Amino acid sequence: VVDLPSEDMKGKIIGKEGRNIKMLERLTGVELILDDTPEVITISSFSPIRRHLAKRALDKMLADGRIQPARIEEVVEIAKKEMAVDIKKAGEEAAYKAGVAGIDPKVLNILGRLKYRTSYGQNVLLHSIEVAHLSALLGEELGADVAVCRKGGLLHDLGKAVDHEVQGTHPEIGGILAKKFGLPQEIIYPIANHHDDIPPTLEALIVKVADAISGGRPGARRDTHELYVQRLTELEAIATRRDGVDKAYAIQAGR
């Protein structure tokens with residue numbers, strides 16, 4: 001969602017006979033939704049990269065107020081270049097934070113795209129760094145290859161960076177990408193098998209467990225309605241287990 005400075009801006013974004021909005025949608029590959037909500041425009045697309053590109057371009061045009069086809073083309077090009085730099089930097093920083101060296105720059109570029117991807121409200125790039133650290137700690141405890149655990153943990157969701165553009169599940173896509181860039185088999189296993197019942201190696205199993213810990217910790221991901229209701233019921237059950245308590249209500253206070 002992009003906030004507009006005024007309601008008149010919607011007319012400017014649409015342009016004469018819809019020229020501006022059509023141009024912006026064509027260049028960024030998104031759909032712009034202008035409904036009755038005042039001073040708001042919604043950007044819709046399956047690809048988070050495209051959504052962020054359109055948002056960045058719109059923010060630039062709203063800042064200087066010039067919206068016409070030639071300007072839209074220019075701004076989208078600038079936004080693309082900025083995002084490419086941003087993605088590259090995000091991938092390099094993630095590898096540094098996770099303590100992983102020697103990754104192909106092209107792989108880091110794909111990894112950096114995860115900065116714009118979320119899973120149930122959890123940022124996937126931050127989740128990947130977390131999984132790398134957790135995998136390394138578990139690997140040390142269990143006598144596994146710590147370097148493989150760390151690297152496999154960081155790259156385990158690599159497929160999610162392109163799963164809007166390529167068919168298949170993210171472990172499948174990640175495995176294909178890892179093979180394409182010549183990653184060793186022991187790193188491919190955690191990427192391609194982290195959702196299998198029995199991963200083929202100890203390191204792959206460790207990454208699977210670390211993935212579950214990072215995603216399952218309280219507050220990491222958005223609650224589904226069912227989980228939320230279940231948690232409230234469990235809270236009420238704690239209170240009603242005490243002698244003399246007949247009824248208990250867990251109430252959300254809006255904080």
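1. A quick definition before we start: Ala, Val, Leu, Ile, Met, Phe, Trp, Tyr, Cys and Pro count as nonpolar, Asp, Glu, Lys and Arg count as charged, and the others, Gly among them, count as polar. Keep in mind, too, that you're looking at a predicted model.

2. Let's begin with the closed-off space. How many cavities of 30 Å³ or more does a search of the whole structure find? The search turns up one. The volume of the largest cavity is about 60 Å³. Have a look at who lines it: Ser47, Pro48 and Ile49 are there, along with Arg113 and Arg117, and then comes the run Lys160, Ala161, Val162, Asp163, His164 and Glu165. Sorted by class, that lining has five charged, four nonpolar and two polar residues.

3. Now for the open spaces. The largest pocket holds about 280 Å³ of space. It has 15 lining residues, and Gly216, Arg221, Asp223, Leu227 and Arg231 are the closest to its centre. Split by class, the lining comes out as six charged, five polar and four nonpolar residues.

4. Which helices each supply at least two residues of that lining? They are helix H10, covering 202-216, and helix H11, covering 225-240. H11 gives the most, with four residues. If you want to find the spot in the viewer, Gly216, one of the residues closest to the pocket's centre, sits at the end of the H10 range.

5. The second largest pocket has about 150 Å³ of space. Its lining is made of 13 residues, and those nearest its centre are His127, Lys160, His195, Asp211 and Arg221. This time H10 provides the largest share, with four residues. By class you get six polar, five charged and two nonpolar residues.

6. A couple of names come up twice, so they make handy landmarks when you're clicking around. Arg221 is among the residues closest to the centre of the largest pocket and is also among those nearest the centre of the second largest one. Lys160 is in that second group and also lines the largest cavity.

7. On to how helices pack. Helix H6 (residues 124-142) and H10 have axes 8 Å apart and pack at an angle of about 130°, so the two are oblique to each other. The crossing is right-handed. On the H6 side, the contact includes Val131, Leu134 and Leu138, while the H10 side includes Ile206, Val207 and Ile213. Counted by class, this contact has 10 nonpolar, five polar and two charged residues. His127 and Asp211 take part here too, and you've already met both near the centre of the second largest pocket.

8. What about H7 and H9? The axes of helix H7 (residues 146-155) and helix H9 (residues 185-193) come within 8 Å and cross at roughly 45°. Angles of 35 to 65 degrees count as oblique, so H7 and H9 are oblique to each other. This crossing is right-handed. From H7, Val148, Lys151, Gly152 and Leu155 meet Glu186, Ile187, Pro190 and Ile191 of H9. By class, the contact has five nonpolar, two charged and one polar residue.

Technical notes. Residues numbered from 1 in each chain as written. Predicted model: local features only at pLDDT ≥ 70, side-chain atom pairs only at ≥ 80, totals over all residues. Heavy atoms only, no water. 1 Å grid on protein atoms, 1.4 Å probe; cavity = no way out; pocket = protein on both sides within 12 Å on 5 of 7 lines; lining within 4 Å. Points joined across faces, edges and corners; volume = space filled by probe spheres on them. Axes fitted to C-alpha atoms, helices over the stretch in contact; angles between N-to-C directions. Parallel < 35°, antiparallel > 145°, perpendicular 65-115°, else oblique. Left-handed = near helix turned anticlockwise from the far one by under 90°. Contact = heavy atoms within 4.5 Å.
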